[in-house]
Amino acid sequence: MINLTDYGYNDIYERQITEEEKDAGLQPARVLSVQKETYRLISSAGENNAKLKGSIFYQDSKYQTYPAVGDFVLIKYNPMGDDIIYRVLERRTSFSRLNPTLRNNVTGASEQIVAANFDYVFIMASLNYDFNVRRMERYLTTAWQSGGTPVILLTKADLCEDYSDMVAEIEAVAPGMEIHVISTYTGFGMDTLNKYLKPAATLVFLGSSGIGKSSLVNALAGEELMKVNMIREDDSKGHHTTTYRQLFKLNNGVLIIDTPGMRELGIWAADEGIGETFADIEVLTSLCKFSDCSHNREPGCAIKAALEDGTLTPERYKSYIKLKKESQHSADKAAYLKAKTQFFKNAAKNHRSSRKS
């Protein structure tokens, strides 16, 4: 018998289950992996494959919340075959991006949930040619928006003789944040991660291909759970070791969600994340003489003054503007989809009521 609390289940999720659902024999489970339409779950009965209940998920399918790795779901346990997923419990935290397959389709653009219900977001970047501050700002924005606690890991310290300048660059865009320089190859800095490794705590790893996510999983597990590929020496580009998202439970009780390296990370409605990541710029905008300042030609513009005296770099400001535009575009789409979903839900509810009467 599996104790689901060892997998992060608690009262936050238990309170969401109705008495009717309990009477119907539904029980909670956590999603371990998703491959196309195949779900791997852990419940009190152990691990099992699962599929969606068609009459619920495939009617008005565009308006349903589909399971992602880390989600807690309600299932009908089937000892003879696949469990049946009835619904997804409300997420405590979630990391999402603009669906890369639909990002150029305005009417089809949508949110893609990458992982759910985690405590810490390990944002990983390697100390080699792949190092990119602007990409770090993008990951930070999404991590802060997720509701989890972002932690920055600079990996492969063994490949860099002097990384002080790179650390300083990250500190400049992430003031006050926890930054850890590590090497899974030599073990350098690994002990600094112990404070995050708590039983039933869930960590999600984010970063590009070849920055050492799979190596870190293996190092924390003390065994080879993940295959590790070599990066190309000429350009430090990595291969996709992880091909799908999956959740691991280590022997020490820590839960890890590993994700494939992302070639693109489109921002999805991330105003709060932008506010956290670019807090310095948000403060400057509030100091402008005019509340509707466009930061172009107006007198008394704090942004222009900061750019002129070097307090704010043009690169960071351009990054801020770019992410702001992306977030606004996706926020407009999110609001439209939410209103449309509510309309169809109300219509279905009214239809059922009229049939009963």
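# Close-up views of the predicted model

**Figure 1. The lining of the largest cavity combines 6 nonpolar, 3 polar and 2 charged residues.** The structure shown here and in the following views is a predicted model. A search through the whole structure yields 1 cavity of 30 Å³ or more. The volume of the largest cavity is about 70 Å³. Its walls are formed by Met124, Ala125, Ser126, Asp130, Phe131, Asn132, Arg135, Met136, Tyr139, Ser208 and Ile211. Strand β8 (120-126) and helix α4 are the elements that each contribute two or more residues to this lining. Such spaces are found by a simple principle: rolling a probe the size of a water molecule over the atoms shows where empty space is left.

**Figure 2. The largest nonpolar core brings together 43 residues.** Within this core, Ile152 and Leu154 touch the most other members. Helix α4 (residues 133-146) makes the greatest contribution, supplying 5 residues. A second core, separate from this one, has 21 residues, among them Phe122, Leu153, Leu197 and Val254. Which residues surround leucine 154, leaving aside those up to four places away in sequence? The contacts of leucine 154 are Ala125, Leu127, Phe131, Val167, Ile170, Ile179, His180, Val181 and Ile182.

**Figure 3. Strand β9 lies between its parallel partners β8 and β10 in the pattern of strand pairing.** Strand β9 covers residues 149-155, and because 6 of its 7 residues are buried, β9 is largely enclosed by the rest of the structure. The pairing of β8 with β9 is parallel and consists of 7 bridges. In this pairing, tyrosine 120 is placed opposite threonine 149 of β9. Strand β10 (residues 179-181) also runs parallel to β9, and 3 bridges link the two. Here leucine 153 has histidine 180 of β10 as its bridge partner.

**Figure 4. Strand β4 pairs in the antiparallel sense with both β1 and β5.** Is strand β4, which spans residues 72-76, mostly covered or mostly uncovered? Strand β4 is mostly covered, with 4 of its 5 residues buried. Strand β1 (residues 27-35) is connected to β4 by 4 bridges. Strand β5 (residues 83-88) is likewise joined to β4 by 4 bridges. Leucine 74 of β4 appears in both pairings: the bridge partner of proline 28 is leucine 74, and arginine 87 of β5 stands opposite leucine 74. The connection from β4 to β5 is a hairpin of 6 residues.

**Figure 5. Helix α6 is a largely enclosed helix, followed by a glycine with positive phi.** Helix α6 comprises residues 213-221, and 7 of its 9 residues are buried, so the rest of the structure largely encloses this helix. The buried residues of α6 are Lys213, Ser214, Leu216, Val217, Asn218, Leu220 and Ala221. Which strands help to cover these buried residues of α6? The covering elements include β8, β9, β11 (202-206), β12 (246-249) and β13 (255-258). Just after the helix comes glycine 222, with a positive phi near 75 degrees.

**Figure 6. Asparagine 117 and alanine 200 are loop residues with positive phi.** Most residues other than glycine have a negative phi. Asparagine 117 has a phi near 60 degrees, a positive value although the residue is not glycine. Its position is in the loop that lies between β7 (111-116) and β8. Is asparagine 117 buried or exposed? With a relative accessible area of 2%, asparagine 117 is buried, because a residue counts as buried when this value is under 20%. Alanine 200, another residue other than glycine, has a positive phi near 70 degrees. Alanine 200 is located in the loop between β10 and β11. Its relative accessibility of 26% places alanine 200 among partly exposed residues, since that class lies between the buried limit of under 20% and the exposed limit of over 50%.

**Figure 7. The protein chain contains 10 helices and 13 strands.** This view sets the earlier close-ups in context. The protein chain has 357 residues, and 46% of them are buried. For contacts in the chain between residues at least 6 apart in sequence, 66% link residues that are at least 24 apart.

Methods
Residues numbered from 1 in each chain as written. Predicted model: local features only at pLDDT ≥ 70, side-chain atom pairs only at ≥ 80, totals over all residues. Heavy atoms only, no water. Buried < 20%, exposed > 50% of the residue type's maximum accessible area, 1.4 Å probe, protein only. Pairing = 2+ DSSP bridges. Core = buried A, V, L, I, M, F, W, Y, C linked by side-chain atoms within 4.5 Å. Contact = heavy atoms within 4.5 Å. 1 Å grid on protein atoms, 1.4 Å probe; cavity = no way out; pocket = protein on both sides within 12 Å on 5 of 7 lines; lining within 4 Å. Points joined across faces, edges and corners; volume = space filled by probe spheres on them. Nonpolar A, V, L, I, M, F, W, Y, C, P; charged D, E, K, R; others polar.
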